[in-house]
Amino acid sequence: MEKVKKGVRLEHISKIYQDPKTGKDFYAVKDTSLTIEPGSFVTLLGPSGCGKTTTLRMIAGFESPDEGEIYLGDEPINELTPNKRDTAMVFQSYALLPHYNVYDNVAYGLKLRKVPKEEIRERVMRILKLVELEGMEARMTNQLSGGQQQRVALARALVIEPSVLLFDEPLSNLDAKLRVSMRTEIRRIQQEVGITAIYVTHDQSEAMALSDKIIIMNKGFVAQMGTPQEIYYHPVDEFVADFIGEANFLRGEMLGRSGDTVRLNVEGNELLVPGRGDMEAGKEYTVVLRPEAATLADEGGLPCRVVLSCFMGSYQNYHVMVGDTLVKLEEHNPKNKHIYQVGDECSLVFAAESVHVL
Amino acid sequence: MARSQGAALDRKKLMADPIMVTTIVVLITFLTLFILYPLAILLVDSFVGDGSFGFSIFKRIFAMPSFTRAITNTLKVGFVVGIFSTFIGLLFAYVEVYVRLNRFVGGLFKVVSMLPVVSPPFVLSLSMIMLFGKAGIITRFLLHIYDNSVYGYWGIVIVQTLTFFPVCYMMLKGLLKNIDPSLEEAARDMGAGRWKVFMDVTLPLMLPGLGNAFLVTFIESIADFANPMIIGGSYDTLATTIYLQITGAYDKAGAAAMAVVLLCITLFMFAVQKYYLEAKTAATLTGKASRARMLIEDKSVKIPLTILCSLGALFVIMMYICVPIGACFPTWGYKFFPLTGKWFSQVFTRYHGFKAFKDSFVLSLIAAPVTALLSMIISYLVVKRKFRAKGFIEAVSMLAMAVPGTVLGVGYIRGFSGGLFHTGILQGIYGTGLILIIVFVVRSLPTGTRSGISALRQIDKSIEESAYDMGADSFKVFMTVTLPLIKDSFLSGLVTAFVRSITAISAIILLVTPSYLLITVQINEFAEKGAFSLACAFATILIIITYGAVLLMNLFIKYFGTSRKIKEE
């Protein structure tokens, strides 16, 4: 596929919908600007109703933005209909043409483009090989498993060699195990082809596993954009921290600073955390603590009381109270560790550098 | 918030699709010209027919005792027929869904649901007269009653009930199947008997559905023209009064005003049914039954219900069978044996049978594919696309459902006999086969559209979107994806349109000119004259044609329908 890779740029995009119940207009997507690099795999992640699918459908052309302009490469595409856009979409429901077999489904886009028959044959077979569906050409789509159907959908999108591949929650109809193996597959194929991919999901582990960059959306806005690590370790706000993985929030007033470290008063205890330059004494700050970043000990940290202790196999799940704040912990590989029981008074221990101040 | 840019872009995208734009424009023109305009002209005519604007024409017609009587007659018949049909329909539906039936009875049920579809609307009136009339086989020759009159109120009620109850039966059957059996089992489990469960659970759940069935029948009944015409005698309903006002009294303005009155009644009923009851039905009976129902095996319930329904079904079937047999009696009322084929040969030798069948057949054959395609296009636009005029297209094509044929017929006379707005434009189509075809199309469009819409709603929107996304324009999407996926619905729409057209009479009888002989009009004429054997002979051949068409369609769907293949997992 020797095509010039193209990125996608959204400039101040908004989409307004009408609430069917109240009849009022609301922003499904508001003033969103994004730049998606050519050849990268970007995920739009967010809870339902956050505007991620609307954004994707605007890029595909099914919806028209009420404000702003969308660019494919350097070309503005607002006025192009979906069939004229150099994008291809993989749908949540697969959306295979049920009256065609696998071969005809994959060949459909090429036939529309009036590609010569021999070339169609050659390209379809090559793509089917790529998605590991060789020998299935003559099957009707309803004779395939969910995973196979999604491969056909992927092949159908890839075969027309679009500049951008769009995924609308493609794995959400599959069972959990298949989901994991399919996402590895999607990532492998995307890297092999080197195509720009935009992927919508509400499943954060999917987003982490697949993406070069994750865009977290909330209520029509982009909350944060960054690599999976940036987003996990340095969330910009509580929403992002809470949405990506589990997060505990410890709140406290800043007492003072010594170099890069600041002192916070958390539930009457002094806590040392890495600070930022703009922090001021006397103000309240929130600290994000990931459940796997802390552990319980007899002493040496924040005093706490165990309210839940539950064996989960690969880890021991604790809920502890630090003053009035509930903190959830995951103690991994608990086999040879001391297990604290409900009611035990103990200590919450974590390294200062493993927390993040919002 | 400004949605103007999005709307402007949507418009631009639509305009980039010339086939789509042309289709929409053509559709809007067609619907406006042949549904809205004739109705509008009726309104205009009835208010300004005498040259001055006002209620003078309405005052005049409401002063006619025959007209006010026709209104009460129509409502009385409609109400009673609605009640009877709903009740009998419910009985049949309940027995089919709840009681274990043997194959023979199940077969009877199927035949009963099928018969009204394939037979012309007035067949039962014919057989009613032949079986129970003055010279009826049953009344005169079996029971020796010599003065039994079937003409009038009860004649219409019985015939219409028998004609329309299968519609209720099919509607209610669908609803009953959607009731989750666990609801009733829960009531049984808490100690309620079968009767109590029926009264406390099943019936309340069905109530909006029953209301719906009642109103649908009510509308059908008051719009019915052929049965009151044949069996009404001097008992006139609105449809027949309007017809006589035009053909007898040559009072076109008066007929227009009467048509407006009839239209108002049906529109009101239709609005109640569509916007109030349909929504309620959907609200109480959502989703599918979670699993199969335990059928009633209890003999004390099963045997009486089965016998009752079987007798009812047999009676209906006998009524229909009476038509071909009646066509074989040498002289009706005097000599029944030996059976003869002379009426059939007279149909063709003396009464221009070939021409009648050819005309009816050809016109319907042209109308059917046009209707089927139009209704599929409308359904596609309504379900799958968004654009401004969509609401208009949907509303007008549904409106046609509430318009009685007689009203439409009068509208066409007023609207096209002098050309558009009496200017002479398009006057050429009046009196031609073209206008008959258009009437056929308009009359069958709502049914086709409705079934198309429900078929399309079952198809995941993203299937078409994916084709669009792959590079197909609207036309390609429609031809390569939508149409193949609703092929069955298209085919059955095709046959329904054909059957409806070839058996249509109410609007047609007002518009047909001597250059076209239509079978239904012939049957009506012979029945009016009392030549029942000839009417029966015509009707028999007509039933054979329509039944053949339905049979052909079923075979075709069985072997070539794609949807079935897709449904098989």
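In the predicted model, the residues of helix α1(A) that are buried are K52(A), T53(A), T54(A), T55(A), L56(A), M58(A), I59(A) and A60(A). Helix α1 of chain A, spanning residues 52–60, is thus mostly covered, with eight of its nine residues buried. Just after α1(A), the backbone at G61(A) adopts a positive phi of about 105°. Two of the buried helix residues, L56(A) and I59(A), are among the contacts of I198(A) once the neighbours of I198(A) within four places in sequence are left aside. The remaining contacts of I198(A) under that condition are V8(A), I36(A), V42(A), L44(A), V164(A) and L166(A).

I198(A) is also one of the residues that touch the most other members of the largest nonpolar core, which comprises 263 residues; the others in that group are L166(A) of chain A, together with L126(B), A259(B) and V439(B) of chain B. The largest share of this core, 14 residues, is supplied by helix α16 of chain B, which covers residues 353–384. Within chain A, domain 1 (8–242) and domain 2 (246–357) both give residues to this core, so the core lies between them.

The domain assignment of chain A yields these two parts, domain 1 with bounds 8–242 and domain 2 with bounds 246–357, and their centres, taken over C-alpha atoms, are separated by 39 Å. The contact between the domains draws on six residues from domain 1 of chain A and on five residues from domain 2 of chain A. On the side of domain 1 of chain A that touches domain 2 of chain A, the largest share, three residues, comes from helix α8 of chain A, residues 238–243. By class, the residues on this side of domain 1 of chain A divide into three nonpolar, one polar and two charged.

An open sheet of five strands is found in chain A, in the order β13-β12-β11-β14-β20, and its pairing is antiparallel. The edges of the sheet are formed by β13 and β20 (356–357) of chain A, each of which pairs on one side only. Strand β11 of chain A, residues 248–258, and β14(A) are joined in the antiparallel sense over six bridges, and in this arrangement E253(A) stands opposite E284(A) in β14(A). Five bridges join β11(A) to strand β12 of chain A, residues 261–266, and these strands likewise run antiparallel; R257(A) has V262(A) in β12(A) as its bridge partner. β11(A) and β12(A) form a hairpin with two residues between them, and G259(A) in the turn has a positive phi of about 70°. Towards the other edge of the sheet, strand β14 of chain A, residues 284–289, pairs with β20(A) in the antiparallel sense over two bridges, and V287(A) has V357(A) in β20(A) as its bridge partner.

Positive phi values in chain A also occur in residues other than glycine, including D31(A), with phi near 40°, and A95(A), with phi near 55°. D31(A) is placed in strand β2 of chain A, residues 25–36, whereas A95(A) is found in the loop between β6 (87–90) and α2 (102–112) of chain A. The surroundings of D31(A) include 14 C-beta neighbours inside 10 Å, so D31(A) counts as partly exposed. A95(A) has 24 C-beta neighbours inside 10 Å and therefore counts as buried.

Between the chains, 30 residues of chain B are in contact with 28 residues of chain A. The elements that give two or more residues to the side of chain B that touches chain A are α1 (4–15), α20 (461–470), α21 (474–485) and α26 (562–567) of chain B, and the largest share of that side, eight residues, comes from α20(B). In terms of residue class, the side of chain B that touches chain A has 13 nonpolar, six polar and 11 charged residues.

As regards confidence in the prediction, chain A averages a pLDDT of 88, and 99% of the residues score at least 70. Among the elements of chain A, the lowest mean pLDDT, 83, belongs to strand β13 (residues 269–274) and the highest, 93, to strand β3 (residues 41–45). Strand β13 of chain A is also one of the edge strands of the open sheet described above.

Methods. Residues are numbered from 1 along each chain as its sequence is written. Chains are lettered from A and ligands numbered from 1 in the order in which they are written. This is a predicted model: local features need pLDDT of at least 70, side-chain atom pairs count only at pLDDT 80 or more; totals for chains, interfaces and linings use all residues. A nonpolar core is a set of buried Ala, Val, Leu, Ile, Met, Phe, Trp, Tyr and Cys residues joined through C-beta atoms within 7 Å. A residue is buried if 20 or more other C-beta atoms lie within 10 Å of its own, exposed if 12 or fewer, and partly exposed in between; C-beta atoms are placed from the backbone. Helices (H or I, at least four residues) and strands (E, at least two) are DSSP runs, numbered from the N terminus. Domain bounds come from an automatic or database domain assignment. Two residues are in contact if their C-beta atoms, placed from the backbone, lie within 7 Å. Ala, Val, Leu, Ile, Met, Phe, Trp, Tyr, Cys and Pro count as nonpolar, Asp, Glu, Lys and Arg as charged, and the others, Gly among them, as polar. pLDDT is the predictor's confidence in each residue, from 0 to 100. Two strands pair if DSSP finds at least two bridges between them.
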